[in-house]
Amino acid sequence: MAALERIPPLVVASFLPHSLCALVIKYESVIHEFDPYFNYRVTQFLSKNGIYEFWNWFDDRTWYPLGRVIGGTVYPGLTLTAGTIWWVLNSLNIPLSVETVCVFTAPVFSAFASWATYLLTKGSGAGLTAAALLAMVPSYISRSVAGSYDNEAVAIFALIFTFYLYIKTLNTGSLFYATLNAIAYFYMVCSWGGYTFIINLIPMHVLLCIVTGRYSPRLYIAYAPLVVLGTLLAALVPVVGFNAVLTSEHFASFLVFIIIHVVALVYYIKGILSPKMFKVAVTLVVSIGLVVCLIVVAVLVALVASSPTGGWSGRSLSLLDPTYASKYIQIIASVSEHQPPTWPSYFMDINACFSPLSDASSFVVLYIVMSVYFSGVMVRLMLVLAPAACIMSGIALSQAFDVFTASIKYQLGEMSNSKDDVKEKISTNNETKDDASSAKGEKVAKERPSKKGKKKEREPADKPSVKSKIAKKKALVLPLEASIVALLLLIMLGAFYVIHCVWAAAEAYSVPSIVLTSQSHDGLHVFDDFRESYAWLSHNTDVDDKLASWWDYGYQTTAMANRTVIVDNNTWNNTHIATVGTAMSSPEKAAWEIFNSLDVKYVLVVFGGIDLNINKFLWMVRIGGGVFPHIKEADYLRDGQYRIDSEATPTILNCLCTGTNLSCKFVETDGKGYDWVRRTEIVKKNFKLTHFEEVFTSHHWMVRIYKLKPQKNRIRGKGKKLKLKTSTGFSKTAKKNPWM
């Protein structure tokens, strides 16, 4: 019955995130952000062409002229999950579109994540509290809202469920749960690159248990099948492949795998040998184990030494060394999600209390410690911190609620008992004394106590623990007034948490990046310029035309305009992105030469007064300068700042990015050429482009599209004039292409 009574609250806690995340559809059912548009496009291809075509799909509309092998470069978990849901629904004659399924995949899996959090958290009350907290925490809502069709939508559920199955196996020692744990880990590998957090956190916990003397066969069963079966399954994912055994992110699991086998062998020998023989055997086993470990370490060192990054990926090195990306890989540092968070972000996105935890397991403690560190390095990893914070807060709040309610019950019970004692005392005083015969009988009974009486007399002395338990229970009892006030404050804290989370879901995460809004004195204004621009490209350009833009807008352009782009959000080729950054940072003629060599016909830029590409311009310069040394950031700075006012440098005023943003009737917008973002007046107002022509500007001037002008015909006799100048000594050496 107790289990059945917990089902309705659990259903509510699971339904709550789905409802809250679905409420953020303000305008229409639309995909959010940038990366989800690529996932949506891939899901469309999967549903239309099938799984085999998906694995072998070579996409020639991205990274022109290189292209991209989609099946071997994506984590397919999200796509296969949504594609399967779409196929099942259509098989049941529920005709939902692929877009609708993609939009609502994240809210559905947020309910699954709350359910997994309930299972992972110890105790029914704490589990329900943790599930409710995760259902509303803004950090998770940012990736579980309707339309947030990104890998984390399903990966957070896989992360929590894998941890639950690991703890379940650790508690039961069941090979069945160990197998399920490996399968859950495989789903996590398919879904997100953050699976490396699992394959490093669990070995750390196993090593902690061994060091603290808490090894058991259950620990071996929980860990060994996960490493063997999980690694084999992970190698089946094309994007991972042999990286599951060759990269440094996985080496910790293999080292701990060897250590736990040595420890298991030692415990086995101890059980079958005498103490004297055991010492000899332990010496032999430890010696052999050390030799094996040294050999493995030597092999790993050799593998690491052969890699310029030590076998680590750029993102992993950025987590271990927060300054690595800014020093060596500017493309990673340019992503906003890879920036360190500010302290207000923890209160905005987590908004949970960090209370002392008394009964938490070492794994949960290790989980929250590691997730706090990694979230402090990269703001995106606050997603990993959110479940840990909710579990800790759920346990703390549940225990506090139990103490306060128990104190109130105890105090009310004491008050009722005191009233009963007064009544009993009054009734006792009115009774007559016992007769002499009964007194004499009692005296005889006292002189000859029975065995039963002796046993009863011994009971208080034999069970002192009962008194200690009662004393301990009384020590936790708070005054009635303090308990009521504390309980009311706890309820108010929960109410404020709900209000904050609903506000964050409705305001901070409800507006997709493709549709912007602003509030002014005359009401709400909606800016739909991006979709307007993509529609113009789709209807007014040829299917085979190539478009250049900064990499942020690549996925959206390919998905919504169906046009070939030079770079996109995958950021797998730093040189290609640096080429586009160099073109944007170069003078108009040099930029035209670069784009013309890439067969580009149109260039898309985001316009000045609202979200100027100059906001991203520093990364164009840094990424371009990292590959092409002639691009120097110091040439674009004045007093350490990028400026476009009277203090701007000539280099930044004459580059393509500034010219395409501020040319063609910019002064006509307000008569001054005033930049409303930087609150300054543009110094160079009349840009005249000679190699590019404006073909489209969106309704609110947010997006501008330029077309490359064709190359002019060479003038007849120009070669003779150059030859004549050479003979007279006035010839000019041909300028070298600046981006070569």
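**Local environments and strand pairing in the predicted model**

Asn-562 is partly exposed, its relative accessible area being 37%. In this predicted model, Asn-562 lies in the loop that connects H27 with S6. The backbone of Asn-562 adopts a phi near 55°, a positive value in a residue other than glycine, and this residue follows just after H27.

The helix that precedes Asn-562, H27, spans residues 554–561 and is mostly covered, with 6 of its 8 residues buried. These buried positions are Gly-554, Tyr-555, Gln-556, Thr-557, Thr-558 and Ala-561. The cover over them includes three helical and strand elements from the later part of the numbering, namely helix H26 (529–540), strand S5 (546–548) and strand S6 (564–565), together with helix H3 (35–49) and strand S2 (68–69). S6 and S5 also belong to an open sheet of 5 strands, ordered S6-S5-S7-S11-S10, in which the pairing is mixed. Strand S10 (692–697) and S6 stand at the edges of this sheet; each has a single partner strand, so one side of each is left without a neighbour in the sheet. Within the sheet, strand S7 (residues 602–606) pairs with strand S11 (residues 703–708) in the antiparallel sense, over 5 bridges. In this pairing, Val-603 stands opposite Tyr-706 of S11. Helix H26 lies across S5, S7, S10 and S11, and its direction makes an angle of about 25° with S11.

A positive phi is also found at Asp-599, where the value is about 65° although the residue is not a glycine. Asp-599 is situated in the loop between helix H29 (588–597) and S7. With a relative accessibility of 41%, Asp-599 counts as partly exposed.

A further antiparallel pair is formed by strand S3 (residues 516–520) and strand S4 (residues 523–527), joined by 5 bridges. The connection from S3 to S4 is a hairpin of 2 residues. Ser-520 has Gly-523 in S4 as its bridge partner.

In the loop between strand S1 (58–59) and S2 lies Pro-65. The peptide bond from Tyr-64 to Pro-65 is cis, with omega near 0°.

The surface carries a nonpolar patch made up of Trp-87, Val-88, Leu-92, Ile-94 and Leu-96, which together have about 470 Å² of accessible area. Of these residues, Val-88 is placed in helix H5 (residues 77–91). Its relative accessible area of 37% makes Val-88 partly exposed.

Asn-181, by contrast, is buried, at 0% relative accessibility. This residue is part of helix H10 (residues 175–191). Leaving aside residues up to four places away in sequence, Asn-181 touches Thr-162, Leu-165, Tyr-166, Ala-222 and Leu-226.

Glu-633 occupies the loop between helix H31 (617–627) and helix H32 (650–653). At 26% relative accessibility, Glu-633 is classed as partly exposed. The contacts of Glu-633, again without residues up to four places away in sequence, are Val-621, Arg-622 and Tyr-642. Glu-633 and Leu-618 are separated by 15 residues in sequence, and their C-alpha atoms are 7.9 Å apart in space.

Technical notes: Residues are numbered from 1 along each chain as its sequence is written. This is a predicted model: local features need pLDDT of at least 70, side-chain atom pairs count only at pLDDT 80 or more; totals for chains, interfaces and linings use all residues. Side-chain values use heavy atoms; hydrogens and water are left out. Buried means under 20% relative accessible area, exposed over 50%, partly exposed in between (1.4 Å probe, protein chains only). Helices (H or I, at least four residues) and strands (E, at least two) are DSSP runs, numbered from the N terminus. Contact means heavy atoms within 4.5 Å. Two strands pair if DSSP finds at least two bridges between them. Axes are lines fitted to C-alpha atoms, for helices over the stretch in contact, and angles run from 0 to 180 degrees between N-to-C directions. Patches are made of residues with over 30% relative accessible area and no salt bridge: like charges are joined within 9 Å, nonpolar side chains (Val, Leu, Ile, Met, Phe, Trp, Tyr) within 5 Å. Accessible areas come from the Shrake-Rupley method with a 1.4 Å probe; for residues, only the protein chains shown count as cover. A salt bridge is a side-chain nitrogen of Lys or Arg within 4 Å of a carboxyl oxygen of Asp or Glu.
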